[in-house]
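This report describes one protein chain for a reader who has not met it before. It begins with the overall layout and then turns to particular residues and their contacts.

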Amino acid sequence: MITVSIDVTKLDKSRFKAVTRKNGDKALFCDLILMDTPDSEFGDYMVKQSLSKEDRENGVQLPILGNGKNVQVGNKNEAQGKPAQKKAKSQSNDGDDIPF
């Protein structure tokens with residue numbers, strides 16, 4: 001399992017994606033990426049907002065939002081056979097008031 005902690009005040013809100021679900025509910029998504037940082041004292045991954053291909057080609061840099069860490073749960077032998085995820089997306093919080 002990977003745990004992630006981010007500073008939501010650093011999110012670029014203009015990059016959020018507003019969608020309407022099939023049932024008509026509105027949702028707001030923020031795409032995040034996890035980048036390997038195996039030798040870091042802060043965790044196994046650094047977390048940033050994802051960029052479009054065009055932004056990457058133009059050298060756009062977004063701030064580091066936080067970090068992620070591999071956490072051992074359950075049977076040690078079971079966890080070793082599963083590869084770590086490289087990309088994560090935030091989930092919408094139905095009914096929660098987010099201050100942005």
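## Layout of the chain

Along the sequence, the elements of the protein chain come in the order β-β-β-β-β-α-β-α-β. That makes 2 helices and 7 strands. The model is a predicted one. Of the 100 residues in the protein chain, 20% are buried. The exposed surface of the protein chain is about 7,800 Å², and carbon and sulfur atoms supply 49% of that area. When contacts between residues at least 6 apart in sequence are considered, 50% of them join residues at least 24 apart.

## The nonpolar core

Which residues form the largest nonpolar core? This core has 8 residues, namely Leu 11, Phe 16, Cys 30, Leu 32, Leu 34, Tyr 45, Val 47 and Leu 65. Strands β4 (31-36) and β5 each supply at least two residues of the core.

## Gln 49

Strand β5 covers residues 45-49, and Gln 49 belongs to it. Is Gln 49 buried or exposed? Its relative accessibility is 5%, and because buried means under 20%, Gln 49 counts as buried. Leaving aside neighbours within four places in sequence, Gln 49 is in contact with residues including Leu 11, Phe 16, Cys 30, Leu 32 and Leu 65. Those five names also appear in the list of the largest nonpolar core. Charged partners of Gln 49 are found as well, among them Lys 10, Asp 12, Arg 15 and Asp 31. With Asp 12 there is a polar approach: a polar atom of the Gln 49 side chain lies 2.6 Å from the backbone nitrogen of Asp 12.

## Salt bridges

Side chains of opposite charge can pair when their charged atoms come close. In this model the count comes to 3 salt bridges. The table gives each pair with its N to O distance.

| Residue | Partner | N to O distance |
|---|---|---|
| Asp 12 | Arg 15 | 3.1 Å |
| Asp 55 | Arg 15 | 2.7 Å |
| Lys 17 | Asp 31 | 2.5 Å |

Asp 12, Arg 15 and Asp 55 are linked in a network of salt bridges. Asp 12 has a relative accessible area of 24%, so Asp 12 is partly exposed. Arg 15 is also partly exposed, with 26% relative accessibility. Asp 55, by contrast, has a relative accessible area of 16% and is buried.

Which parts of the chain does the pair of Asp 55 and Arg 15 tie together? Asp 55 and Arg 15 meet in a salt bridge. Asp 55 lies in helix α1 (residues 53-57), while Arg 15 lies in the loop between β1 (2-6) and β2 (17-20), so the pair ties together parts that are 40 residues apart in sequence.

The salt bridge between Lys 17 and Asp 31 has its closest N and O atoms 2.5 Å apart. This pair links distant parts of the chain, with Lys 17 in strand β2 and Asp 31 in strand β4, 14 residues apart. Lys 17 is partly exposed, at a relative accessible area of 43%, whereas Asp 31 counts as buried at 13% relative accessibility. Asp 31 is also one of the residues in contact with Gln 49.

How values were computed
Residues are numbered from 1 along each chain as its sequence is written. This is a predicted model: local features need pLDDT of at least 70, side-chain atom pairs count only at pLDDT 80 or more; totals for chains, interfaces and linings use all residues. Side-chain values use heavy atoms; hydrogens and water are left out. Helices (H or I, at least four residues) and strands (E, at least two) are DSSP runs, numbered from the N terminus. Buried means under 20% relative accessible area, exposed over 50%, partly exposed in between (1.4 Å probe, protein chains only). A polar contact is a pair of N or O atoms within 3.5 Å; within protein, one must be able to donate a hydrogen and the other to accept it, and residues adjacent in sequence count only if both atoms are side-chain atoms. Contact means heavy atoms within 4.5 Å. Accessible areas come from the Shrake-Rupley method with a 1.4 Å probe; for residues, only the protein chains shown count as cover. A nonpolar core is a set of buried Ala, Val, Leu, Ile, Met, Phe, Trp, Tyr and Cys residues joined through side-chain atoms within 4.5 Å. A salt bridge is a side-chain nitrogen of Lys or Arg within 4 Å of a carboxyl oxygen of Asp or Glu.
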